[in-house]
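Q: I am new to this structure. Please pick one part and take a close look at it, then lead me outward from there.

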Amino acid sequence: MRYWLFKSEPSTWSWDDQVSKGDTGEEWDGVRNYQARNFMRDMNVGDRGFFYHSQKEKSVVGIVEVCAEAHPDSTTVDDRWECVDIKAVRPFAKPVSLDQIKADPRLEDMVLVKNSRLSVQPVSEEEWSAVCALGETDPG
């Protein structure tokens, strides 16, 4: 299993919106960055990810799971763009803010810290465990 982070503006697509899709999940569509698209191409069903609210909130609020591998993005006819489907697994007991992540030396090399604009990004196993501990949630 590999780990990822999915960023979303809560005014566009929030954790509650994701939860409302149940086990069917939802396309992680609209990504128009080649690096982020390539990360989605590397994902497998069962991989886990952090659901991150960007903009004002700037915090990890839950855990999602990839439930469909990369396929054409339904929001465009341009065949360069693909996406995965994700489903909500569980919320964090307490959101983990970007400030908390930046303050934790275990997370100093996290992509979120180094390249905060990338909307889909990898997370190492060590980073996964550290952020889950900060959010008081089971990393499993």
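A: Start with a definition: a salt bridge is a side-chain nitrogen of Lys or Arg within 4 Å of a carboxyl oxygen of Asp or Glu. Keep in mind that this is a predicted model.

By that rule, the count comes to nine salt bridges. One of them joins the side chains of Arg41 and Glu82, at 3.1 Å from N to O. Arg41 sits in helix H2 (residues 34–41) and Glu82 in strand E5, so this salt bridge ties together parts that are 41 residues apart in sequence. Buried means under 20% relative accessible area. Glu82 has a relative accessible area of 19%, so Glu82 is buried. Arg41 has 39% relative accessibility, so Arg41 counts as partly exposed.

Now to the part for the close look: strand E3 (residues 48–53). E3 is mostly covered, as six of its six residues are buried. Look at its two faces. Arg48, Phe50 and Tyr52 point one way. Gly49, Phe51 and His53 point the other way. The residues of these two sets are all buried.

Next, the partners of E3. Strand E1 (residues 3–8) pairs with E3 in the parallel sense, over six bridges. Find Trp4: its bridge partner in E3 is Gly49. E3 is also joined to E4, again by six bridges, and here the strands run antiparallel. Gly49 turns up here too, with Val64 as its bridge partner in E4. Gly49 therefore has a bridge partner in E4, namely Val64.

Follow the chain out of E3. The loop between E3 and strand E4 (59–72) holds Gln55. The hairpin of E3 and E4 has five residues between the strands. In this hairpin Gln55 takes a positive phi, near 65°. Gln55 is not a glycine, as the positive value occurs in a residue other than glycine. Its relative accessible area is 40%, so Gln55 is partly exposed.

Go back to E3 and look at its charged residue, Arg48. Glu65 forms a salt bridge with Arg48, and the closest N and O atoms are 2.9 Å apart. This pair links distant parts of the chain: Arg48 is in strand E3, Glu65 is in strand E4, and they are 17 residues apart. Arg48 has a relative accessible area of 12%, so Arg48 is buried. Glu65 has 16%, so Glu65 is buried as well. The link goes further: Arg48, Glu65 and Lys87 are joined in a network of salt bridges.

For contrast, take a salt bridge elsewhere. Lys114 forms one with Asp109, and their closest N and O atoms are 3.8 Å apart. Lys114 is exposed, and so is Asp109.

Now the aromatic side of E3. A pair of aromatic rings is described by the distance of the centres and the angle of the planes. The model has eight aromatic pairs. One of them brings Phe50 together with Phe92: the ring centres are 5.8 Å apart and the planes lie at 80°, so the pair is edge-to-face. Phe50 belongs to strand E3 and Phe92 to strand E5 (residues 82–97), and 42 residues separate them. Phe50 has a relative accessible area of 0%, so Phe50 is buried. Phe92 has 6%, so Phe92 counts as buried too. Ring pairs extend this into a cluster of Tyr3, Phe50, Phe92 and Trp128.

Move along to Gln121, in strand E6 (residues 120–123). The relative accessible area of Gln121 is 0%, so Gln121 is buried. A polar atom of its side chain lies 2.7 Å from the backbone oxygen of Leu118. Beyond its neighbours within four places in sequence, Gln121 is in contact with several residues, including Trp4, the residue whose partner in E3 is Gly49. Others in contact with Gln121 include Leu5, Lys7, Phe39 and Val111.

End with Glu136, in the segment after helix H5 (125–134). Its phi is near 55°, a positive value in a residue other than glycine. Glu136 has a relative accessible area of 53%, so Glu136 is exposed.

To retrace the path: E3 has six bridges to E1 and six to E4. Its Arg48 is in a salt-bridge network, and its Phe50 is in a ring cluster.

Notes:
Residues are numbered from 1 along each chain as its sequence is written. This is a predicted model: local features need pLDDT of at least 70, side-chain atom pairs count only at pLDDT 80 or more; totals for chains, interfaces and linings use all residues. Side-chain values use heavy atoms; hydrogens and water are left out. Buried means under 20% relative accessible area, exposed over 50%, partly exposed in between (1.4 Å probe, protein chains only). A polar contact is a pair of N or O atoms within 3.5 Å; within protein, one must be able to donate a hydrogen and the other to accept it, and residues adjacent in sequence count only if both atoms are side-chain atoms. Contact means heavy atoms within 4.5 Å. Rings of Phe, Tyr and Trp (its six-membered ring) pair if their centres lie within 6.5 Å; planes under 30 degrees apart count as stacked, over 60 as edge-to-face and the rest as tilted. Two strands pair if DSSP finds at least two bridges between them.
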